Amino acid sequence: MNREKINRLAKILRVLRSGDPGTSISGTYLAEQFGISRVMVSKYIRFLEKLGYVFDKRTGLGYTLIKEPDILHPVEIVSRLETRLIGRKYHYLVEADSTNDIAVALAIEGTSDGTCIVAESQRQGRGRLGRVWLSTPGKGIYMSLVLRPDIPPKDVSQLTLLAAMVLATTLRNLYGFDAKVKWPNDVVINGKKVAGILSESQIEPQRVRFIIIGIGVNVHHRKEDFLGPFRYLPTSVALEIESRVRDAAPKRQELFCEFLKNFEYAYNSYLTQGWESWQKTLNELSMVLGKYITVDTGKEMVAGIASKLSPDGGLIVRTPEGQIRTILVGDVVHIYLH
Ligand code: BTN
């Protein structure tokens, strides 16, 4: 579908959504607003129906939008997106090997800062440290952002933390969860992993060429979708909502667009005011700071108190022997709560 048609459908959708629930919008009004014929209006409505939108159609009254599907189709996303840069270039795929691979290829071709790639499912969703990312079709958000920040290469891991922090904040604001960031790349609710981030970058000695922030969020997954083995207990937004006996089902597009909006704000402020301005929020949202932890660095296990984050996004651990270790790459495997 070309960009013009996507934009037109997104605008029509916005008009149909406007007004109180149950409001009818007449075909004549839509035709006049968009300078198109009534026949064209019904064609657009049929297209929206194919995407899963449900209308009450009454002769003489017009169209009432009564149900919206849970989709990440460009028409839906363009109709909701409130950003200026992040996600404005949007690539949507029904299936991909890995959205991170597509993002890398597009970045090499020169795609602009803020480009976003989303797939409904991934054949080879990748996690950190060579793991597989469960990408059940239609149930999660599988997305990659291409970023081109003007920062020194040593700071790239700050952006992974920034994205994790924004996602945790978004989950808190939308659903009231006690979402936390588990250094360096996980978002957890009640000790269970709801999302993970895989960042990949191309750097030159003095500058960052691009960074890919790949994010996987479990949204509609049921317990039976999580066929192990998992290193951490997984959960989903839907399961956590149900555990609090709230009936509102999550909508992926709402979470996705809200995350992009919040991320754009954080990214801009990070670029203009620096990393320090986010340290406080990150400390508050961190699940590990102040706790006795064990980190698997791939080469050794380091145990001690996670005392703070280093300026470049690493984790500073004070061992029982009094050593201060800065871990740049690793996996927190145990958090001792008492
Ligand atoms: C992790 O927790 O190990 C990171 C998981 C990252 C998964 C996302 S899903 C979208 C993007 N494409 C991938 O292949 N991986 C990331």
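The following exercises, with worked solutions, concern a predicted model of a protein.

**Exercise 1.** Determine how the radius of gyration of the protein relates to the globule rule.

*Solution.* Begin with the secondary structure: the protein has 9 helices and 14 strands. Next, take the radius of gyration, which is 22 Å. For 338 residues the globule rule gives 20 Å, and the two values are close, so the protein is as compact as a globular protein of that length. Finally, the extent of the C-alpha trace along the principal axes is about 80 × 50 × 35 Å.

**Exercise 2.** Describe the burial, contacts and surface of the protein.

*Solution.* First, 51% of the 338 residues count as buried. Second, consider contacts between residues at least 6 apart in sequence: 63% of these join residues at least 24 apart. Third, the exposed area is about 16,300 Å², of which carbon and sulfur atoms supply 52%. Lastly, the charged side chains comprise 45 positive and 36 negative ones, and the centres of these two sets lie 2 Å apart.

**Exercise 3.** Classify the ring pair formed by Tyr270 and Trp275, and state whether these residues are buried or exposed.

*Solution.* A pair of aromatic rings is described by the distance of the centres and the angle of the planes. The structure holds 9 aromatic pairs. For Tyr270 and Trp275, the ring centres are 6.2 Å apart, which is within the 6.5 Å cut-off for a pair. Their planes stand at 80°, and an angle over 60 degrees counts as edge-to-face, so this pair is edge-to-face. Tyr270 and Trp275 are both buried.

**Exercise 4.** Which residues do ring pairs link into a cluster?

*Solution.* The cluster linked by ring pairs consists of Phe259, Phe263 and Tyr267.

Methods
Residues numbered from 1 in each chain as written. Predicted model: local features only at pLDDT ≥ 70, side-chain atom pairs only at ≥ 80, totals over all residues. Heavy atoms only, no water. Helix = DSSP H or I, 4+ residues; strand = E, 2+ residues; numbered from the N terminus. Rg over C-alpha atoms; globule rule 2.2 N^0.38 Å. Buried < 20%, exposed > 50% of the residue type's maximum accessible area, 1.4 Å probe, protein only. Contact = heavy atoms within 4.5 Å. Areas by Shrake-Rupley, 256 points an atom, 1.4 Å probe, with all protein chains shown as cover. Lys, Arg positive; Asp, Glu negative; His and termini not counted. Charge placed at Lys NZ, Arg CZ, Asp CG, Glu CD. Phe/Tyr/Trp six-rings, centres within 6.5 Å; stacked < 30°, edge-to-face > 60°.
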